[in-house]
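Biologist: I would like to request a close look at a single part of this model. Please begin with one residue and then connect it to its surroundings.

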Amino acid sequence: MENRSLNFMKATAPFELPPLPYSYNALEPYISEKTLSFHHDKHHQKYVSTTNELIKGTEFEKFTLEEIIKATAGNAASTKLFNNAAQSWNHWFYWNCMKSEGGKIPKGRIKEAIDSSFGSYDNFAKEFSTMANDQFGSGYAWLVMEGGKLKVIKTSNADNPIVHNQKPILAIDVWEHAYYLDYQNKRQDHVMAFINNCIDWEFAEFNLK
Ligand code: MN3
């Protein structure tokens, strides 16, 4: 990661909203300053604040964010906490998947991993865009590592690969709040802009470790 620092989530409660790893206008014209401001300062902030409120005075105060996500997944009594904790993590991850002037063809180890799992970068791009467009309603498309191979998956709402024993490598947020101000109903245009102009392949490679 040469160009910027990674803004990790604070490991223990109370959790804090990490600043974006770039300026609010860094992804223009693909993702506007207005979208990033609302998405980061309002949506992401709310997930982090709500997580802190929900864990106050409970055993979860001593958990890391990932531990909370794993402990609450699939538990009907903890749905609200799971949703907010997972969304706190998902957005931290998503911000780091992008950079200004990103989206070029991957190089090095991540290129080798893409080629060996998908045959080519073009095959990966096709599969990833199809998955992101096919996710019905709110959710994410992910590139994940599972059993030593990369694969593309989609998840609904706040769901996260770490509770399915998959290692997240890359993610795109396809909730409408991620693109509606810039693209309205044209999710496909948002997805293609992410793939072609925003992906930070260095972060994806970092996640292969
Ligand atoms: Mn979002």
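What is the relative accessibility of K151, and how does K151 count by that value?

Modeller: K151 has a relative accessibility of 34% and therefore counts as partly exposed. Buried means under 20% relative accessible area, exposed means over 50%, and partly exposed lies in between, with a 1.4 Å probe and protein chains only. The model is predicted, so local features need pLDDT of at least 70 and side-chain atom pairs count only at pLDDT 80 or more, whereas totals for chains, interfaces and linings use all residues. Residues are numbered from 1 along each chain as its sequence is written, and side-chain values use heavy atoms, with hydrogens and water left out.

The side chain of K151 meets that of E146 in a salt bridge, at 2.7 Å from N to O. A salt bridge is a side-chain nitrogen of Lys or Arg within 4 Å of a carboxyl oxygen of Asp or Glu. In general, side chains of opposite charge can pair when their charged atoms come close. E146 is also partly exposed, with a relative accessible area of 30%.

By this rule the count comes to two salt bridges. D115 forms one with K111, the closest N and O atoms being 2.5 Å apart. D115 and K111 are four residues apart in helix α4 (residues 108-118), so about one helical turn separates them. D115 is partly exposed at 27% relative accessibility, and K111 is partly exposed at 35%.

Let us return to the strands. Strand β1 covers residues 139-146 and strand β2 covers residues 149-156; they pair in the antiparallel sense over eight bridges. Strands (E, at least two residues) and helices (H or I, at least four) are DSSP runs, numbered from the N terminus, and two strands pair if DSSP finds at least two bridges between them. In this pairing A141 stands opposite K154 in β2. The hairpin of β1 and β2 has two residues between the strands, and G147 takes a positive phi near 60 degrees there.

β1 also pairs with β3 in the antiparallel sense, over six bridges. The result is an open sheet of three strands in the order β2-β1-β3. β2 and β3 are the edge strands, each pairing on one side only. Neighbouring strands of this sheet are turned by 25 degrees against each other on average, direction ignored; the axes are lines fitted to C-alpha atoms, for helices over the stretch in contact, and angles run from 0 to 180 degrees between N-to-C directions.

L143 links this sheet to the interior. L143 stands opposite L170 in β3. Not counting residues up to four places away in sequence, L143 touches twelve named partners that bring us back to the starting residue, among them K151, L150, V152, F124 and W201; contact means heavy atoms within 4.5 Å. L143 is also one of the residues with the most contacts inside the largest nonpolar core, which has 63 residues. Such a core is a set of buried Ala, Val, Leu, Ile, Met, Phe, Trp, Tyr and Cys residues joined through side-chain atoms within 4.5 Å. The largest share of this core, nine residues, comes from helix α3 (residues 79-96).
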